[in-house]
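Work through the exercises below with the sequence and the structure at hand. Each task is followed by its solution in steps.

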Amino acid sequence: MFTKILVPVDLAHAEKMDKAVRVASSLAQTYGAALCFVGVSSDAPTSVAHSPDEFAQKLSAFAADKGAAYGIAAVSEAVIVNDPAVELNHALDKTIDGVGADLVVMATHLPGVSDYIWAGHGAHVAAHSKASVFLVRD
């Protein structure tokens with residue numbers, strides 16, 4: 001049913017990703033799908049990494065750790081943009097198409113008042129992607 005599952009990751013909040021990672025890993029095992037963790041960051045130093053190379057290394061280590069924990073092959077895709085707050089949705093859209101993902105599993109929060117005015121990232125991906133989207137509430 002699915003061949004490539006993409007999981008967007010915010011390494012600054014990796015501890016809140018457990019449920020979404022479990023769901024994605026279970027689906028990857030069930031369908032024999034490849035799993036790709038994608039992270040979007042700036043080329044400027046952040047609280048997560050001081051450089052794009054360090055960010056890519058940390059994301060790769062995250063993917064390797066989760067792959068080993070769940071017994072699946074997992075890769076990572078680090079996307080570097082000028083302003084992640086502004087460019088995140090476009091970067092995710094482009095990466096989903098670029099890696100050929102047919103399912104996106106995203107961690108999300110319960111909607112608040114602002115979500116009824118401005119769409120969240122999961123809503124954007126669901127509205128603009130050809131891939132199926134599974135939003136996992138924490």
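**Exercise 1. Locate E54 and K58, then describe how their side chains meet.**

Step 1. Helix α2 holds both E54 and K58, which are four residues apart, about one turn of the helix. Helices (H or I, at least four residues) and strands (E, at least two) are DSSP runs, numbered from the N terminus. The model is predicted: local features need pLDDT of at least 70 and side-chain atom pairs count only at pLDDT 80 or more, while totals for chains, interfaces and linings use all residues. Residues are numbered from 1 along each chain as its sequence is written, and side-chain values use heavy atoms, with hydrogens and water left out.

Step 2. E54 forms a salt bridge with K58, and their closest N and O atoms are 3.5 Å apart. A salt bridge is a side-chain nitrogen of Lys or Arg within 4 Å of a carboxyl oxygen of Asp or Glu.

Step 3. E54 is partly exposed because its relative accessibility is 22%; K58, at 37%, is also partly exposed. Here buried means under 20% relative accessible area, exposed over 50%, and partly exposed in between (1.4 Å probe, protein chains only).

**Exercise 2. Find the salt bridge of K66 and state what it links.**

Step 1. A search of the whole structure gives two salt bridges. K66 pairs with D18, at 3.9 Å from N to O.

Step 2. This pair links distant parts of the chain, with K66 in helix α2 (residues 52-70) and D18 in helix α1 (residues 18-31), 48 residues apart.

Step 3. K66 has a relative accessible area of 17%, so it is buried. D18, at 38%, counts as partly exposed.

**Exercise 3. Give the strand order of the sheet and place β4 in it.**

Step 1. The open sheet has five strands in the order β3-β2-β1-β4-β5, with parallel pairing. Two strands pair if DSSP finds at least two bridges between them. β3 (74-81) and β5 are the edge strands, each pairing on one side only.

Step 2. β4 pairs with strand β1 (residues 4-8) over two bridges in the parallel sense, and I5 stands opposite L103 in β4.

Step 3. Six bridges join β4 to strand β5 (residues 132-137), again parallel. A107 has V136 in β5 as its bridge partner, and V105 has F134.

Step 4. Of the six residues of β4 (residues 103-108), five are buried, so the strand is largely enclosed by the rest of the structure.
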